[in-house]
Amino acid sequence: MYHVLEEYVSMLKMEEFFMIRELQQKGWSLTAIAKETGFDRKTVRKYINAEQLPRSAKRTKQTSKLDPYKPYLLQRIQEGTTNCVVLLEEIRAQGFDGKSTILKDYVQPHREQPKKQATRRFETPPGQQAQMDWAEIGLYEVDGRLQKIYAFLMVLGYSRMKYFEFTTDMKLETLMKCHMNAFAYFNGIPNQVLYDNMKTVVIRHTPAKIRFNQKFEDFLAYYGVTPKACKPYRPQTKGKVERTVDYMKRNFFQLRMNRHLKR
């Protein structure tokens, strides 16, 4: 009995194979089947005598430009880094020349998806509100000695315009100076600034009463700004600046530190 040649098997479609078998079972001759199907007599005979069904040719596994970098990416993800902007710069430094889309598709399943209570998004009209917060950056050498570095961040609620300023402390005088610099940078002053319950701003926050630092409140009053404190343990109420803090820590500063270390 003839054995099916593998190259022929991969070329024939399944329905053509069964058609040849069906015609043969109906009593058609090899010549008639060959004329009907368009195959030569030798091919028709091989498929009539075949012991197995045709097998489709095995598909060659497609490789991705990202494959050589996946072990490194997996290690970085396990360390807690899932920011694709940071990861893309790191693997590009190693030779990756692909697009960011395949990186995002690879990282997405590894991202944590904590279930959070839905928070109603609150938008403010132009000039109405800004949000402010501090971010602790870490220890860095300043004037020949290690010091803690902080970032003052203010975001305009409507335009999302941002102002950053790095400082070595979070004292009241520094806070006020940063506000003045931010107002100058924005070339305008919002009617209201939203804060969390930092001690330099909010002395007491109860459901019945909010007490602001009098010196700081007087400072804001000079500019016609009304302070507003978000609810305790509800950072979502100033989500615009919270996202800016996250960007500062995970993206902006990481990228610059990576570039500094490569020098």
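How many bridges join β1 to strand β2 (residues 145–156), and which way do the two run? Keep that in mind for Exercise 1.

A word on ground rules. This is a predicted model, so local features need pLDDT of at least 70 and side-chain atom pairs count only at pLDDT 80 or more, while totals for chains, interfaces and linings use all residues. Residues are numbered from 1 along each chain as its sequence is written, and side-chain values use heavy atoms, with hydrogens and water left out.

**Exercise 1. Work out the sheet around β1.**

Step 1: start with the elements. The protein chain has 10 helices and 7 strands, taken as DSSP runs (helices H or I, at least four residues; strands E, at least two) and numbered from the N terminus.

Step 2: answer the opening question. β1 and β2 are joined by 12 bridges and run antiparallel. Tyrosine 140, for one, has glutamine 147 in β2 as its bridge partner.

Step 3: go to β4. Strand β1 (residues 129–142) and β4 run parallel, joined by 3 bridges, and glutamine 129 sits opposite glutamine 192 in β4.

Step 4: carry on to β7. β4 and strand β7 (residues 226–229) are parallel too, with 4 bridges; leucine 194 pairs with lysine 228 there.

Step 5: put it together. With pairing taken as at least two DSSP bridges between two strands, 5 strands form an open sheet, ordered β3-β2-β1-β4-β7, with mixed pairing. At the edges are β3 (162–167) and β7, each pairing on one side only. Ignoring direction, neighbouring strands are turned by 30° against each other on average.

**Exercise 2. Say where the β4 side chains go and what lies across the sheet.**

Step 1: look along β4 (residues 192–195). Gln192 and Leu194 point one way, Val193 and Tyr195 the other way, and all are buried. Buried means under 20% relative accessible area, exposed over 50%, and partly exposed in between (1.4 Å probe, protein chains only). Across the 263 residues of the protein chain, 37% are buried.

Step 2: find the helix. Helix α8 (residues 172–186) lies across β1, β2, β3 and β4, and runs at about 145° to β3. Axes here are lines fitted to C-alpha atoms, for helices over the stretch in contact, and angles run from 0 to 180 degrees between N-to-C directions.

Step 3: pick a residue on α8. Glutamate 173 is in this helix, and its relative accessible area of 46% makes it partly exposed. Glutamate 173 and threonine 200 are 27 residues apart in sequence but 9.5 Å apart in space, C-alpha to C-alpha.

**Exercise 3. Is asparagine 213 buried or exposed, and which residues does it touch?**

Step 1: locate it. Asparagine 213 is in the loop between β6 (210–212) and α9 (214–223).

Step 2: check accessibility. Asparagine 213 counts as buried because its relative accessibility is 16%.

Step 3: list the partners. Neighbours within four places in sequence aside, asparagine 213 is in contact (heavy atoms within 4.5 Å) with Leu172, Thr200, Val201 and Ile203.

**Exercise 4. Describe how α6 and α7 pack.**

Step 1: get the geometry. The axes of helix α6 (residues 84–93) and helix α7 (residues 100–107) come within 10 Å and cross at roughly 120°.

Step 2: name the residues. Cys84, Leu87, Leu88 and Ile91 of α6 meet Ser100, Leu103, Lys104 and Val107 of α7.
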